[in-house]
Amino acid sequence: MAKKRCERLTPYRELVKIQTLQEETRDACLRLSKYGSVSFAGLTDVGASFKLLQIGSPLSASELLSIASLLETTANVKSYGDSKLDEEDVTRDSLVRLFEELIPIPDLASEIRKCIISADEIADDASRKLKEIRKNIEISYNRIRQKLDKIIHSEANRDMLQEAIITTRSGRYCIPVKAAYRSKFPGMLHDQSQTGSTVFIEPLEIVNLNNDIRELENEEHLEIERILMELSERCGQRVEELTEDMKLLTDLDFIFARARFAGTYNGSEPILNEEGRIDLKGAIHPLLERKTAVPIDLRLGGDFSLLIITGPNTGGKTVSLKTLGLLTLMAQSGLHIPARYGTVISIYNDIFADIGDEQSIEQNLSTFSSHMSNIVYIVKHADNRSLCLFDEPGGGTDPVEGAALATAILSHLKDMGATVMATTHYSELKSFAIASPGVENASCEFDVATLRPTFKLLMGVPGKSNAFAISKKLGLPDEIIDTAKNGIDSDAVNVEELIADLDKAKREAEADKEEIAQSRREIEELKKRISEKEKASGDERARILAKARAEAKEILENAKKEADEAIRDYNKWLKNPTSADPRAMEERRRNLRKKAESLENRKNDKKAPQTSGHKAKDFHIGDTVKVLSLDTEGHILELPDNSGTALVGMGILSSRLPISDLLIIKEDKKSSSGPGRKAFTSGISKSYSFKPEINLLGKTVDEAIAELDKFLDDAMLSHAETVRVVHGKGTGALRKGIHDHLRHLSYVKKFRLGEFGEGDAGVTIVSL
């Protein structure tokens with residue numbers, strides 16, 4: 001059924017309906033990439049059986065088996081739809097409703113399978129009575145076999161038998177007897193051979209047994225009919241659910257067929273609108289080989305609704321025309337399109353095309369007449385919700401009249417509000433596009449050096465025919481080419497020169513635009529890094545000050561505690577002099593003096609800072625130094641300048657400090673500080689060179705995880721909060737392996753797939 005729906009697939013005009021179809025195709029693609037394919041192999045058209053069930057008619061064994069297959073397929077598909085889905089998937093998946101409404105009815109499917117082995121065989125266990133009947137048939141057959149074996153092996157009957165075998169005629173067991181002994185062999189005659197030499201006789205001894213078997217077989221037949229009727233009645237009670245299952249499975253089969261088809265050309269979901277805006281990005285004609293086809297970028301609508309494409313023959317003009325038409329039809333049919341993500345497609349009520357040559361001798365139609373017949377029809381029926389595609393309008397007649405006619409037709413359709421795209425060789429149409437608002441030129445690029453088209457579509461630049469260059473390259477004499485050039489009207493020459501200048505200016509502008517964009521990206525990145533560093537520096541300064549305040553508070557509290565305890569002791573001794581111990585009093589006094597001297601020394605140390613005595617030439621990038629004023633270690637990031645200050649990194653904090661405050665730590669001290677020092681140094685250097693993105697495209701899962709672990713280690717040392725992991729879409733195996741690994745990393749806070757503009761499903765954003 002789904003195959004028939006694919007064959008009858010037609011575009012829709014309603015935006016909501018098209019968006020629903022596109023959403024279904026997208027969600028099916030995501031399921032295929034995440035969980036693999038789903039099989040609809042057991043789905044067959046059993047609609048005729050449902051009609052029989054509705055009127056109470058029994059079904060045959062094969063029809064009941066088809067229903068069992070339908071139910072088993074329903075169970076498998078429902079299991080696929082329900083498995084491995086988290087809450088996020090369920091909330092955004094348009095297919096959840098279809099999967100949930102499936103009703104497998106497993107008891108009915110298992111009962112049919114239990115009773116029916118094949119279309120021609122009912123199981124013995126289908127009912128107790130059937131099993132008993134077949135057992136009695138077997139007993140009767142064994143009795144007949146024993147009696148017939150005794151007859152054919154008897155010495156008295158040996159001469160009368162043609163062969164010592166048992167056979168059947170009309171469902172009754174017989175033995176072959178020579179015709180000459182017919183009268184001497186008692187029994188019922190059932191048949192004779194073609195030659196008449198052999199007759200087939202049922203011996204009188206087994207007539208009753210044969211009759212018993214026939215009666216038992218009739219009982220068996222009636223019991224089988226009863227079983228089939230009973231199964232049919234059970235199916236009839238659930239016929240509405242069965243009908244709904246078949247409809248839902250057909251819908252899902254059709255949706256997943258669209259998704260698998262999109263996978264064959266790496267299709268993407270277009271952005272839809274009804275305003276006539278088209279923006280094809282990297283679009284490829286769906287019938288061209290994807291590996292060799294040249295993608296095109298094409299814009300239409302918005303500032304201009306008429307696009308005129310010019311350029312040499314075989315340059316790709318008509319292919320561009322057909323690409324736009326076919327991709328629009330695909331999008332309106334719910335299919336993904338062979339173009340990059342972000343492609344914009346407009347929805348139209350009608351798409352008109354005048355492409356190719358329909359001249360006919362029988363209908364007395366010339367090339368011009370056949371094209372004009374199409375154009376007349378288009379002009380009569382087009383409106384502001386139409387897309388009109390023209391290949392060489394006005395061709396096949398006088399060039400001057402044809403160009404004027406084409407200009408008038410295209411201008412009329414544009415003024416009507418239709419979206420129009422046309423190919424042409426007429427210079428008049430190129431000039432019309434340059435001079436008219438709402439009209440834009442485009443051209444198919446041609447390499448004159450190689451005499452080959454590049455098939456690239458250049459927006460905003462009219463194309464040249466390149467007839468003179470091609471002719472000269474092929475060997476046409478210069479004097480003929482010069483004569484041809486002299487015969488061209490000066491205005492036409494000026495137009496061609498204008499085209500060449502525009503082409504050159506366009507290329508230069510695009511190159512400048514790319515350089516400016518790159519510079520802007522670098523500036524934004526630098527701004528972001530500086531902002532992050534300033535924030536980190538402020539946080540570190542605040543932490544150091546908070547620590548100093550806490551230490552000072554602790555010193556004051558301890559001093560106050562000591563003083564309070566000493567005062568209490570002396571007060572006790574004053575009140576009770578006899579209990580005073582001179583030695584204890586002296587010991588307490590010495591302790592207080594020592595602590596006071598210790599605090600005074602620390603105070604003096606801070607008041608009189610040390611100096612290192614180093615000179616500027618003593619320092620090197622990467623040297624480990626002690627910052628005397630802060631009593632902490634750091635790393636030389638920039639050499640001392642003329643004022644004698646060097647840039648020192650201390651963890652995530654960096655600051656310019658005088659070299660007199662920096663004491664170089666010798667190599668032996670650095671090495672004695674062990675692995676922790678190396679990790680500290682590495683972390684500093686990483687923080688200034690780390691880029692928060694890794695590209696794992698083309699890697700195996702094992703290779704990717706090894707590189708990812710090292711990358712995340714660097715990210716942690718650099719205090720990065722968010723990183724970007726590029727893995728692509730493909731089959732989804734690499735993405736799944738990376739996600740499984742990330743779930744088991746304790747320092748990964750969360751991760752998600754990229755959103756639109758971040759790389760979509762080909763990128764994972766990781767928060768640390």
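The following paragraphs describe a helix, a sheet and the cysteines of this predicted model. Local features need pLDDT of at least 70 and side-chain atom pairs count only at pLDDT 80 or more, while totals for chains, interfaces and linings use all residues. Residues are numbered from 1 along each chain as its sequence is written, and side-chain values use heavy atoms, with hydrogens and water left out.

Helix α7 spans residues 106-115, and Leu108, Ala109, Ile112 and Cys115 are buried in it (under 20% relative accessible area with a 1.4 Å probe, protein chains only; exposed is over 50%, partly exposed in between). Helices are DSSP runs of H or I with at least four residues, strands are runs of E with at least two, and both are numbered from the N terminus. These buried residues lie on the same side of α7, because they cover an arc of only 140° around the axis, taken from the directions from the helix axis to the C-beta atoms. They pack against α4 (61-82), β1 (116-118), β2 (121-122) and α9 (207-237), contact meaning heavy atoms within 4.5 Å.

Further along the chain, an open, mixed sheet has 4 strands in the order β22-β23-β25-β24, where pairing requires at least two DSSP bridges between two strands. β22 (693-695) and β24 (750-753) stand at the edges with a single partner strand each, so one side of each lacks a neighbour in the sheet. Strands β23 (722-726) and β25 (763-767) pair in the antiparallel sense over 5 bridges; valine 726 stands opposite valine 763 in β25.

As for the cysteines, cysteine 174 is buried at 0% relative accessibility, whereas cysteine 29 is partly exposed at 22%.
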